Amino acid sequence: MRASRLISLMLLLQARGSMTAGELAQELEVSERTVYRDVLALSAAGVPVYADRGRAGGYRLLGGYRTRLTGLSRDEAEALFLAGLPGPAGEMGLADAVAAAELKVLAALPPSLRDAPARAGQRFHLDAPGWFRETSPPPGLTELARATWRDRVVDLRYRRGEREVTRRVEPYGLVLKSGIWYLVGRVDDGHRTYRVDRVTGVDVSEETFDRDEGFDLAGHWREQAGSFLRTILRAEVTVRLSPAGLRQLRRLVDAPMVYEDVLAAASGSDEQGWVVTRLPVESTDVAYAQLLALGPEVEALDPPELRERMADAARRAAARYAGPARRDDPQGQR
């Protein structure tokens, strides 16, 4: 445990240049007294850790001291190479950079860990797109990735419905969600999200922008994704579900938060285990398609037009199966 902490302390100083005892204690989740002891232990082991006194002081490594990656455990080394799984980095035009970085890390590893990339590649593969999605990256992705890295303002031509609009955007980040790339950018002091596959043109300007260092891309995306889902789920239907139907509904809804809402709204079960609950949906048409997939494990209660459509579908299905299969019926052929 302490050995791992000492390596972490050394790597923090190597990456950040200078840190106070308080900053190190916060990063390592230990007391400042423990940091003082760890610094003394590193100095005794020959690591040139020095303390600068004064208001701007702190600990630092002397003369650009660098450590080789000899402190990595096997699990850490193999996890490191998982970051280079092919796919998203290549789509952003970073495949060569990732390959070069992996070679440098590999060269720095001790001989006993040189098989880490092969072991990781044999055991894990990331296939981000959905089953029936186009796998080629959007045309403007590489340009947007470069502009994002370099904090360059871009002029986007963007397809919105039947028309094309132009936006001047400060690209803050790119997000890959279910095989679809999104650009998060600042426009008029507000952050907006654009689907990259709807971008019809990208002009990267020479103008740079000052990034808000307090902006949290992951946190912003979580908030936006939740808000977007709530926005599109404009309707609500009331249904009665069997225990099997409630279980099957989990794979039909678009997000765990929707399923959690369904569970929270569920009434107490009857003697057969059926529950009445409310289901947030985009529209009654979408609800109709979803509920058909549950077959006899669901009963639509409200709105009345949805219940009538489900009843009509049930009547037609019952009539279809009332007699033997008709070999002369094209829909009954096998």
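A residue counts as buried when its relative accessible area is under 20%. In this predicted model, Trp-221 has a relative accessibility of 17%, so it falls on the buried side of that cut-off. With this idea in hand, the surroundings of Trp-221 can be explored, beginning with the sheet.

The sheet is open and is built from 5 strands, which follow one another in the order E7-E6-E5-E4-E8 with antiparallel pairing. Strand E7 (190-195) and strand E8 (199-208) stand at the edges; each has a single partner strand, so one side of each is left without a neighbour in the sheet. From one strand to the next, the twist averages 45°. Within the sheet, strand E4 (residues 152-160) pairs with strand E5 (residues 163-177) in the antiparallel sense, over 7 bridges. A handy place to look for this pairing is Tyr-158, which stands opposite Val-165 in E5.

Two helices accompany these strands. Helix H8 (residues 141-150) lies across E4, E5, strand E6 (180-187) and E8, and runs at about 70° to E5. Helix H9 (residues 217-232) also packs on the sheet, where it touches E5, E6 and E7. The direction of H9 makes about 115° with that of E5.

Aromatic rings provide a second way to read the fold. The count of aromatic pairs comes to 4. In one of them, the ring centres of Tyr-172 and Phe-215 are 5.0 Å apart and the planes meet at 85°; an angle over 60 degrees counts as edge-to-face, so this pair belongs to that class. Tyr-172 is part of strand E5, whereas Phe-215 sits in the loop between E8 and H9, so the pair ties together parts that are 43 residues apart in sequence. Both partners are buried: Tyr-172 has a relative accessibility of 4%, and Phe-215 has a relative accessible area of 19%.

Another pair brings the story back to Trp-221. Its ring centre lies 5.1 Å from that of Tyr-182, and the two planes are at 50°, so the pair is tilted. Here too, distant parts of the chain are linked, since Tyr-182 is in strand E6 and Trp-221 in helix H9, 39 residues apart. Tyr-182 is buried as well, with a relative accessible area of 16%.

Tyr-172 has further company. Ring pairs link Tyr-172, Phe-209 and Phe-215 into a cluster, and Arg-211 lies over the face of Tyr-172, at 4.8 Å from the ring centre. A similar arrangement involves Arg-309, which lies over the face of Tyr-288, at 4.0 Å from the ring centre.

Strand E5 also holds Glu-170. With a relative accessible area of 19%, Glu-170 is buried. Its side chain makes a polar contact with the side chain of Arg-186, at 2.5 Å. When neighbours within four places in sequence are left aside, the residues in contact with Glu-170 are Val-153, Val-184, Gly-185, Arg-186 and Phe-209. Phe-209 therefore appears both in this list and in the ring cluster with Tyr-172 and Phe-215.

Arg-53 offers a contrast to the buried residues. This arginine lies in the loop between strand E2 (49-52) and strand E3 (58-61). At 82% relative accessibility, Arg-53 counts as exposed. In sequence, Arg-53 and Thr-20 are 33 residues apart, while in space the distance from C-alpha to C-alpha is 10.0 Å.

Notes
Residues numbered from 1 in each chain as written. Predicted model: local features only at pLDDT ≥ 70, side-chain atom pairs only at ≥ 80, totals over all residues. Heavy atoms only, no water. Pairing = 2+ DSSP bridges. Helix = DSSP H or I, 4+ residues; strand = E, 2+ residues; numbered from the N terminus. Axes fitted to C-alpha atoms, helices over the stretch in contact; angles between N-to-C directions. Contact = heavy atoms within 4.5 Å. Phe/Tyr/Trp six-rings, centres within 6.5 Å; stacked < 30°, edge-to-face > 60°. Buried < 20%, exposed > 50% of the residue type's maximum accessible area, 1.4 Å probe, protein only. Lys NZ or Arg CZ within 6 Å of the ring centre and 35° of its normal. Polar contact = N/O pair within 3.5 Å; in protein donor to acceptor, adjacent residues only side chain to side chain.
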